[in-house]
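Colleague: I'm new to this one and don't know where to start. Could you put it on screen and walk me through it?

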Amino acid sequence: MGKDLLKPDYIFESSWEVCNKVGGIYTVLSSRAKTLQEEMKDRIIFIGPDFWKKEESPYFKEDKLLFAEWQCLAQQQGLKVRIGRWTVPGEPIAILVDFNPFFEQKNEIYGWLWEHYSVDSLHAYGDYDEASMFSYAAGLVTESFYHYLLTITPNPKVIYHANEWMCGLGALYINANVPQIGTIFTTHATSIGRSIAGNQKPLYDYLFAYNGDQMAEELNMQSKHSIEKQTAWFVDCFTTVSDITANECKELLDKPVDVVLPNGFDNSFVPKGAVFNSKRKAARKRLLQVANALLGEQLDDDTLIVSTSGRYEFRNKGIDVFVEAMNRLLRDRDLKKKVVAFLEVPSWVGEPRKDLQERLSKNETYNTPLEVPMITHWLNNMDHDNVLGMLKYYDMHNRKYDNVKVIFLPCYLDGKDGILNMTYYDIVLGNDLCVYPSYYEPWGYTPLEAVAFKVPCITTDLAGFGLWANKEFGRYGELEDGVKVIHRTDYNYSEVADAIKDTVAQFSAMSQQEVDACRKKADALSKKALWSQFIQYYHEAYDIALRNAAKRMANK
């Protein structure tokens with residue numbers, strides 16, 4: 001990589017998660033936006049779905065004067081768009097498009113897709129249609145804007161960057177109809193790989209032997225797999241987020257990636273100095289307050305606060321092995337402190353517990369537990385929940401004499417959950433240790449976020465972040481490095497549970513000086529994963545896409 005890299009004049013980037021906070025890709029895009037906005041100054045434009053009818057998106061601020069001329073044009077072309085700012089650091093331009101009008105043309109669009117790119121949409125179900133119509137609309141928006149740009153800039157170098165299978169159709173549309181635009185496709189996790197792992201099948205030992213098309217048929221994933229595979233094959237630059245997923249792409253999509261784009265972090269919102277310390281104190285106080293009201297037990301500040309968080313993928317995110325490890329820790333003689341382990345995983349939540357709210361409102365301390373002292377909110381499916389089922393199976397009922405208590409927080413920590421009433425970022429820094437023992441994790445933002453807030457963590461080498469940390473250390477990460485990386489395979493669940501148990505026990509015996517050193521190392525590692533360090537890989541991808549688009553045009 002040198003000075004001769006081709007640079008885009010404009011980048012259009014589409015994702016289902018633009019101004020729509022539903023998963024990890026929101027964090028990827030919103031945290032990277034600031035770095036690209038600083039470089040591109042309003043020439044990076046994000047495109048997301050507009051389904052904010054009754055109330056406005058809390059992440060979008062409309063601006064009717066922004067590219068007003070193009071807004072009129074788009075309207076004349078039958079595109080229902082709103083343009084404004086994404087309210088994240090850097091405040092980049094975002095276009096929200098209403099994709100509902102295109103459902104009428106769905107069959108014609110799918111017919112075109114089959115004819116030109118052999119994409120099988122016949123077996124579509126669930127979110128496939130919705131995502132495809134949005135993707136098609138995003139392609140039309142980009143085409144329209146590109147033709148508008150031609151009136152103000154001669155031959156602009158333009159990139160269209162599609163994220164996940166949900167945006168594949170738009171990338172193929174651009175490829176066929178605006179071939180001057182360089183296309184990039186990033187799969188953050190292959191749909192078929194996630195499905196194999198989620199269906200309790202061994203993914204890694206058999207990866208070389210799996211046929212992606214065959215597995216898609218077996219798992220009823222033909223349409224998602226088809227759009228993902230064909231997009232990977234036809235775009236100008238195919239990318240993913242980690243070496244482990246790059247291998248998955250090669251085996252299951254039969255297409256090696258052109259560049260790996262690791263997920264960076266923007267730490268501008270990590271509080272500094274005295275503010276950090278007071279926020280950490282407030283988080284610990286609140287967590288222990290909730291624990292006391294629920295458990296009826298006095299827990300002092302010396303209590304070890306441990307947590308796991310993420311999407312509710314019971315096996316893929318290692319939630320099962322986390323509960324297993326806490327159960328084993330109950331009987332561990334090396335444990336030197338009491339532990340409160342929080343599971344911050346959004347489930348099918350009903351409502352915050354009224355009895356718990358009542359106790360918290362009185363601001364008293366309690367010495368009797370509430371009924372079901374393992375959960376902060378009632379669920380709609382209390383009898384069929386995996387976490388509660390496992391706690392019940394192991395008879396883990398947070399009894400007074402238990403040195404390890406497990407508390408399930410089954411809601412989004414958005415500051416308005418009714419119990420903690422603090423955001424995830426305001427809570428995570430209150431932890432002593434975070435545990436993310438993923439079985440399937442293309443990258444892993446949660447461990448990266450933890451270390452950015454100076455919280456040491458445990459992860460596995462099946463997570464992209466864990467592999468990256470090992471690469472940085474030049475060996476397997478240990479607790480003293482700030483990140484303990486556990487070797488995980490298809491079959492060593494029990495060893496992983498033991499390794500987590502042993503690591504928590506080891507941490508409980510550390511002196512304050514050792515803990516401080518550990519926190520310092522975690523912080524130092526997070527600095528190596530800032531977007532300022534990782535954005536270079538995006539420049540490489542832009543260069544590849546622009547060169548391939550130029551070649552295509554030269555051959556016409």
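**Three unusual backbone spots, then helices, cores and sheets**

Colleague: Let's start with N398: is it buried or exposed, and what is its relative accessible area?

Modeller: Buried means under 20% relative accessible area, exposed is over 50% and partly exposed is in between, using a 1.4 Å probe and protein chains only. N398 falls in the buried class, because its relative accessible area is 7%.

Colleague: Before we go on, what pLDDT do local features need here?

Modeller: Residues are numbered from 1 along each chain as its sequence is written, and side-chain values use heavy atoms, with hydrogens and water left out. This is a predicted model, so to speak with caution: side-chain atom pairs count only at pLDDT 80 or more, totals for chains, interfaces and linings use all residues, and local features need pLDDT of at least 70.

Colleague: Back to N398, then: which loop is it in, and what is its phi near?

Modeller: Helices (H or I, at least four residues) and strands (E, at least two) are DSSP runs, numbered from the N terminus. N398 sits in the loop between helix 13 and strand 14 (404-409). Most residues other than glycine have a negative phi. N398 has a positive one, near 50°.

Colleague: And C19, what is its phi near?

Modeller: C19 belongs to the loop between strand 1 (10-14) and helix 1 (24-40). C19 counts as buried because its relative accessibility is 0%. Its phi is positive too, although C19 is not a glycine, and lies near 55°.

Colleague: Which residue just after helix 12 takes a positive phi?

Modeller: Helix 12 covers residues 354-362. Just past it, a positive phi of about 55° is taken by N363.

Colleague: Which residues of helix 12 are buried, and within what arc do they fall?

Modeller: They are L356, R359 and L360. On the other side, K354 and S361 are exposed. The arc is that of the directions from the helix axis to the C-beta atoms. The buried residues line one face of helix 12, because seen down its axis they fall within an arc of 95°.

Colleague: Which helix is included in what covers those buried residues?

Modeller: Contact here means heavy atoms within 4.5 Å. The cover over the buried residues of helix 12 includes helix 10 (273-295).

Colleague: How many residues does helix 10 give to the largest nonpolar core?

Modeller: A nonpolar core is a set of buried Ala, Val, Leu, Ile, Met, Phe, Trp, Tyr and Cys residues joined through side-chain atoms within 4.5 Å. The largest one has 80 residues, and W86, W443, L448, F465, W468 and V483 have the most contacts inside it. Helix 10 provides the largest share of this core, namely nine residues.

Colleague: How many residues are in the second core?

Modeller: That core is separate, and V119, V158, F185 and A232 are among its members. Its count is 56 residues.

Colleague: What is the strand order in the sheet with parallel pairing?

Modeller: Two strands pair if DSSP finds at least two bridges between them. This sheet is open and has six strands, with strand 14 and strand 17 (483-486) at its edges. The order runs 14-11-10-15-16-17.

Colleague: What angle does helix 10 make with strand 14?

Modeller: Axes are lines fitted to C-alpha atoms, for helices over the stretch in contact, and angles run from 0 to 180 degrees between N-to-C directions. Helix 10 packs on this sheet, touching strand 10 (304-309), strand 11 (339-344) and strand 14. Its direction makes an angle with that of strand 14 of about 100°.

Colleague: What is the strand order in the mixed sheet?

Modeller: It is an open sheet of nine strands. Strand 3 (60-62) and strand 9 (259-260) are the edge strands, each pairing on one side only. The order is 3-4-5-2-1-6-7-8-9.

Colleague: Which residue stands opposite H161 in strand 7?

Modeller: Strand 6 (residues 158-163) and strand 7 (residues 182-187) pair in the parallel sense over five bridges. Opposite H161 stands I184.

Colleague: Last one: which residue's backbone oxygen does the side chain of N380 reach?

Modeller: N380 lies in the loop between strand 13 (377-379) and helix 13 (386-393), and counts as partly exposed because its relative accessibility is 43%. Not counting residues up to four places away in sequence, N380 touches W348, V349 and G350. At 3.3 Å, its side chain reaches the backbone oxygen of V349.

Terms used: Polar contact = N/O pair within 3.5 Å; in protein donor to acceptor, adjacent residues only side chain to side chain.
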